[in-house]
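I set out to record what could be looked up in this structure, entry by entry.

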Amino acid sequence: MAARQFRRLQGLFCVYKPPGVHWKLVRDTVETNLLKDLNASASRRVPREVRYLLAQDSTEHEDAPKALTLSAASVPALSEHPLVTGPDFQRIRVGVGHRLDAFSSGVLVLGVGNANKALNDLYNSRVTRDYTVEGVFGSATDDFSNQGRVIERSTYNHITKDKLEKVLAMLQGANQKTLLMYSRVDMRTQEAYEMAVQGLLGPEEKSVPILLGLRCIRFEPPNFTLEVQVLNETQKYLRKVVHEIGLELRSTSVCKGIRRTRDGCFTVHHALTHNQWTAAEVMNAIQQYHATKRRKSVTREQNKNSELHVDEGDTSINQNTTDRIDAVN
């Protein structure tokens with residue numbers, strides 16, 4: 001049963017990392033819980049073995065010397081006892097995808113066992129990630145966060161939502177040019193147009209951080225909240241973006257919090273909270289991931305087949321039209 005459970009644990013899933021906790025502590029806690037649950041389900045029987053034990057014959061007279069006899073007995077094989085051999089599962093490999101620093105929270109993708117190869121592919125791919133970033137106008141710090149050392153204070157009464165949205169649009173436009181530059185695709189071709197329509201336009205290799213989407217979802221001065229879609233980012237880069245927004249608005253600003261809401265196909269709704277970091281919950285999450293992956297593969301194949309049918313239909317229509325023209329001539 002434990003071996004079957006271990007095979008079902010091979011896959012990707014995501015957890016919710018709380019703020020103020022290092023990602024290594026999250027990974028180690030998940031690994032410890034999985035080992036504990038697997039070993040609890042792997043309670044095996046201690047094998048028994050036959051041994052010949054010395055015993056005194058008590059049937060003779062008390063005054064007579066007692067003879068020693070050998071008797072066969074079934075006793076536990078102590079060399080196979082769990083207290084001697086240790087638990088069945090002593091190590092399980094849990095990998096981490098795109099990491100989050102201790103300041104940030106949100107979706108953290110993990111992989112178990114053989115799924116670490118797929119995790120590496122996810123890490124090196126150009127999947128986008130979504131963040132909710134909270135900022136505060138009026139001060140600047142040495143690390144761009146509200147927990148750093150304050151180095152400057154400024155006013156923010158002149159800032160309006162319209163001015164903020166103009167700055168966000170300017171930043172997004174500049175990053176769109178960067179995206180096109182790193183895509184290495186001729187923008188005048190049909191291929192580039194189709195890739196842009198399907199959302200496949202992106203850097204071919206590891207590039208600088210690129211903002212794909214940037215909009216304000218809450219504006220209550222001095223507090224504001226941004227929704228960010230980004231590629232190849234770090235949380236320090238997002239805090240620096242908040243700092244630059246303040247400078248563009250002739251003020252200062254610091255980042256108060258960063259929360260990742262999506263990493264590729266994993267969203268915050270799929271993330272397991274701390275009380276769900278158990279083998280049973282992880283297995284359910286992995287099975288859901290495999291089912292979603294299969295559905296997407298089927299949908300992709302159906303779309304390809306439909307496109308082939310459409311192309312064949314267009315070819316037949318063109319051929320019929322050509323035949324009719326030839327007949328008229």
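The entries below cover the conventions, the nonpolar cores and two single residues.

Conventions. I worked from a predicted model, in which local features need pLDDT of at least 70 and side-chain atom pairs count only at pLDDT 80 or more, while totals for chains, interfaces and linings use all residues. Residues are numbered from 1 along each chain as its sequence is written, and side-chain values use heavy atoms, with hydrogens and water left out.

Cores. I looked up the largest nonpolar core (buried Ala, Val, Leu, Ile, Met, Phe, Trp, Tyr and Cys residues joined through side-chain atoms within 4.5 Å; buried is under 20% relative accessible area, exposed over 50%, partly exposed in between, with a 1.4 Å probe and protein chains only). It has 24 residues, of which Tyr 131, Leu 164, Leu 226, Val 228 and Ile 245 touch the most other members. Elements that each supply at least two residues of this core include strand 6 (129–137), helix 5 (161–183) and helix 7 (235–248); helices (H or I, at least four residues) and strands (E, at least two) are DSSP runs numbered from the N terminus. Apart from this core I noted another, of 23 residues, among them Leu 38 and Val 282.

Thr 128. I found Thr 128 in the loop between helix 4 (116–124) and strand 6. Thr 128 counts as buried because its relative accessible area is 17%. Its side chain makes polar contacts (N or O pairs within 3.5 Å; within protein, one atom must be able to donate a hydrogen and the other to accept it, and residues adjacent in sequence count only if both atoms are side-chain atoms) with the side chains of Gln 229 at 3.4 Å and Arg 262 at 2.6 Å.

Arg 4. I placed Arg 4 in helix 1 (residues 2–8). Arg 4 counts as exposed, because its relative accessibility is 52%.
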